[in-house]
Amino acid sequence: MAGFNKMGCILTAFLGFMFLQLCSATRYYDWVLTETNFTRLCSTKSILTVNGGFPGPPIQVHKGETIYVNIHNQGLYGVTIHWHGVKQPRNPWSDGPENITQCPIQAGSNFTYEVVFSSEEGTLWWHAHSDWTRATVHGAIVVLPAAGTTYPFATPYAQQTIILASWFKADVMEVINSALATGADPKTSDAFTINGQPGDLYSCSKASTYRLLVDYGKTYMLRIINAIMNEEQFFAIANHNLTVVTQDASYIKPITTPYIMITPGQTMDVLVTTNQPRSHYYMASTAYIDGNVPYHNCTTTAILQYRGNYSTPSITPFPNLPIHNDTTAADNFTARVKSLASKAHPISVPTNITTRIYMTVSINERICANASCAGPDNNAIAASLNNISFKIPSIDILQAYYRGINGVFQGNFPSNPPLFYNFTGEVVNSTKYPTFGTKVKFLKYGEGVEIIFQGTNLVAPENHPMHLHGFSFYLVGTGYGNFNKTTSPKTYNLVDPPEANTIGVPKNGWATIRFVADNPGVWFMHCHLERHASWGMDTVFIVRNGNTKESKLRPPPAHMPPCSKS
């Protein structure tokens, strides 16, 4: 069932491009989760979908609006939906991570999310937040400027969402369940896709390659979403420059570049001017991998196709993508990302920091009896923050916090690792094996928070895209090696740091973020490489209530999905 408006609105579309939706009413959507057959890579399989689509239906709103999405679960197991990058002020009840802010919507039941938009403007996305179901259950969120305002650049001729995703021939739930049972790395995907199609470098995929039809001499906005499960991506279009104007629904100083590097979870709005001879041009996306880890080593493609009368080229130009481990190319791009920080789009970087957290980000091992597992040293692979591997509880943490249910979580997540050593050099066996638990960090309402993410050299170091629910934050600094409390802060950018909800922590390096804890409730933080999150690279922040009604957690809706053990 498609989304509808409670009151009328005007929707104009032209040849597959989305144009401005003029509408002031509250929007209501009815979505059905169901198993649907799809054929990719020469074989057919059943996947979990929303309304039968891969990717799922887009949502389009104006800044500051609220929508309601009723999820009817006709699938085979419980699922939740997360509105990635939507801050949900005072409303973690609709944030979505399973057994963190709600228990799953069981098969045969339904739940209505209230999705509250506030300061976001640009592209975000929604996805399932239960095990690995987000592989096929995801879609775009387009947040247009508020009524009476416009973009801080010339309005593009048209816009189109570009969703990068993973395709597995196997059942994704079996992939992760098997890996967790054996302790090994999960199987890599069999393809990357652009808007649901692998592209003509894959078997049985040429005829269905996604094509973006464009007119000569126009500027288009591509709303790019990295929904891929476990790989960061280089993306480019042959013979066309990209001008990046937003990241994670926050405006940045425009960057003109031949390619972008985008991590899982991130979104970018990119302007493309169709100023080349009328023809066909490949757009392509391939993995950026800076660690010695399994990954899918192929390239997904689509076609940028000019309208007009011309002969189809015998050879379609292909973009010059960086090689898979080109860290210099990745760093050169990310270093250029800075907030627009204009009068119309100001930023406010916290300078009064009252809580500072030094957080190690590590791949670890879980000891298996009789060396019976298939991971390193015949142990199982694990992951941790501050050497604590997070255990998802059976009752959601938000309910436990709100209702005072004991025994669900512990409020003693540490502000420092258990041991300081040369994190990016030597491997200390005492930190190779983490502790396991459901530990959360309490924050006072309104305090300035700084988190220093420190990568480590344990087991399999690589870049970690860290995502925080309920907030956007400022990336004030990054570097390689160990963070130095004396010299590293001198490199901070407190003038125009990028505002984001997902950032990459460099391999064997550090990244510092700042935010104000002004959103009361329970908020998940985790690596957006799905295998790392499954291994325990997660934690939870609980922001206590403030002193006013507007600074207190809202009460729960009348109906929340029941927990099996509540």
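Two strands are taken to pair if DSSP finds at least two bridges between them. The model shown in these views is predicted.

**View A. An open sheet of four strands with mixed pairing.** The strand order is S6-S11-S10-S8. Strand S6 (59-62) and strand S8 (81-84) form the edges, and each pairs on one side only. On average, neighbouring strands of this sheet are turned by 20° against each other, direction ignored.

**View B. Pairing of strand S10 with strand S11.** Residues 122-128 make up S10 and residues 138-144 make up S11; the two strands pair in the antiparallel sense over six bridges. Within this pair, Val142 in S11 stands opposite Thr123.

**View C. Edge strand S8 and its pairing with S10.** Four bridges join S8 and S10 in the antiparallel sense. Ala128 in S10 is the bridge partner of Ile81. Ile81 lies on one side of S8 together with Trp83, while His82 and His84 lie on the other. All four residues are buried, and both faces of the strand are thus covered.

**View D. The largest nonpolar core, with 52 residues.** The residues with the most contacts inside this core are Ile162, Ile224, Phe235, Ile260 and Met283. Beyond its neighbours within four places in sequence, Ile260 is in contact with Ile224, Gln233, Phe234, Phe235, Leu242, Val244, Met268 and Phe333.

**View E. Another nonpolar core, of 33 residues.** This core lies apart from the one with 52 residues. Among its residues are Ile357, Met359, Leu385 and Trp523.

Notes: Residues are numbered from 1 along each chain as its sequence is written. This is a predicted model: local features need pLDDT of at least 70, side-chain atom pairs count only at pLDDT 80 or more; totals for chains, interfaces and linings use all residues. Side-chain values use heavy atoms; hydrogens and water are left out. Axes are lines fitted to C-alpha atoms, for helices over the stretch in contact, and angles run from 0 to 180 degrees between N-to-C directions. Buried means under 20% relative accessible area, exposed over 50%, partly exposed in between (1.4 Å probe, protein chains only). A nonpolar core is a set of buried Ala, Val, Leu, Ile, Met, Phe, Trp, Tyr and Cys residues joined through side-chain atoms within 4.5 Å. Contact means heavy atoms within 4.5 Å.
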